[in-house]
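Please find below my note on the model, set out as numbered points. Each point takes up one part of the fold and may be read beside the coordinates.

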Amino acid sequence: MALFITAGATATAALTLNAFQQNLLFFLSPTQASNGKSSTNRPFQLGGMVAEGSVVRGEGLQLRFIVTDFNRAITVQYAGVLPDLFREGQGVVAKGKMQDGLFLAEEILAKHDENYMPPEIKELLYEKPR
């Protein structure tokens, strides 16, 4: 009986850990993502600043822009409605995946006022290049 309880608890723990790992989203700067810390088959959050003059609108809701941490830059492609506070020169977090050197975003989040910057982005933006 104790063997069945132990086996059941082990299986439950393994399934819970597996589900947690599949839903975990890492937060990376453009430098970290460019240095190979991102996986092409796993989604992650890309954070940084929207580069000035980089927003290019396509047909419909198609959009491309560059996210930078002032060391490296990554082009982001997105199709959808942008947050009202999305602007060039402002902080942004994009959720999605890398594919062929392009970040394909599924969701875009913009900072909520001019004084706020997520601590993760602030730390990464002012980190010295390696």
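1. D100 sits in the loop between β6 (91-99) and β7 (102-110). In this predicted model, D100 has a positive phi of about 55° although it is not a glycine. The residue is also exposed, with a relative accessible area of 78%.

2. The strands on either side of that loop carry a salt bridge. K95 pairs with E107, and their closest N and O atoms are 3.7 Å apart. K95 belongs to strand β6 and E107 to strand β7, so the pair ties together parts that are 12 residues apart in sequence. Both partners fall in the intermediate class of accessibility: K95 is partly exposed at 21%, and E107 is partly exposed at 34%. A search of the whole structure finds one salt bridge.

3. A further positive phi occurs at F70. This residue is found in the loop between β4 and β5 (73-79), and its phi is near 75°, a positive value in a residue other than glycine. The hairpin of β4 and β5 has four residues between the strands, and F70 is where this positive phi occurs. F70 counts as exposed, with a relative accessibility of 54%.

4. What does the side chain of T68 reach? The contact is with the backbone nitrogen of F70, at 2.9 Å. T68 lies in strand β4 (residues 62-68). T68 is buried, with a relative accessible area of 11%, whereas F70 is exposed.

5. β5 is paired with both β4 and β7. With β4, the pairing is antiparallel over seven bridges, and F65 stands opposite V76 in β5. With β7, the strands run parallel and are joined by three bridges; here the bridge partner of V76 is F103. V76 thus appears in both pairings, opposite F65 and as the partner of F103.

6. The two faces of β5 have unlike surroundings. I74, V76 and Y78 make up the covered face, while A73, T75, Q77 and A79 make up the uncovered one. This arrangement may be read beside a general rule: in a regular strand the side chains alternate between the two faces of the sheet.

7. The largest nonpolar core has 19 residues, and those with the most contacts inside it are L46, F65, V76, F86, F103 and I108. At least two residues of this core come from each of β2 (44-50), β4, β5, β6 and β7. Leaving aside residues up to four places away in sequence, L46 touches L28, S29, P30, A33, V67, I74, V76, V92, V93, A94 and F103.

8. The structure holds two aromatic pairs. In one of them, the rings of F44 and F103 have their centres 5.1 Å apart and their planes at 65°, so the pair is edge-to-face. The pair links distant parts of the chain, with F44 in strand β2 and F103 in strand β7, 59 residues apart. Both rings belong to buried residues: F44 has a relative accessibility of 2%, and F103 has one of 0%.

9. The rings of F65 and F86 likewise form a pair, with centres 5.0 Å apart and planes at 65°, so the pair is edge-to-face. F65 lies in strand β4 and F86 in the loop between β5 and β6, so the pair ties together parts that are 21 residues apart in sequence. Both F65 and F86 are buried.

10. Is F86, a loop residue, buried or exposed? F86 is found in the loop between β5 and β6, and a relative accessible area of 10% makes F86 buried. Not counting residues up to four places away in sequence, F86 touches V50, V55, L63, F65, V92, I108 and A110. The C-alpha atoms of F86 and A110 are separated by 5.4 Å, although these residues are 24 residues apart along the chain.

11. A last remark concerns G58, which is found in the loop between β3 (56-57) and β4. G58 is partly exposed, with a relative accessible area of 43%. G58 and Y78 are 20 residues apart along the chain, and their C-alpha atoms are separated by 10.0 Å.

Definitions and conventions:
Residues are numbered from 1 along each chain as its sequence is written. This is a predicted model: local features need pLDDT of at least 70, side-chain atom pairs count only at pLDDT 80 or more; totals for chains, interfaces and linings use all residues. Side-chain values use heavy atoms; hydrogens and water are left out. Buried means under 20% relative accessible area, exposed over 50%, partly exposed in between (1.4 Å probe, protein chains only). A polar contact is a pair of N or O atoms within 3.5 Å; within protein, one must be able to donate a hydrogen and the other to accept it, and residues adjacent in sequence count only if both atoms are side-chain atoms. A salt bridge is a side-chain nitrogen of Lys or Arg within 4 Å of a carboxyl oxygen of Asp or Glu. A nonpolar core is a set of buried Ala, Val, Leu, Ile, Met, Phe, Trp, Tyr and Cys residues joined through side-chain atoms within 4.5 Å. Contact means heavy atoms within 4.5 Å. Two strands pair if DSSP finds at least two bridges between them. Rings of Phe, Tyr and Trp (its six-membered ring) pair if their centres lie within 6.5 Å; planes under 30 degrees apart count as stacked, over 60 as edge-to-face and the rest as tilted.
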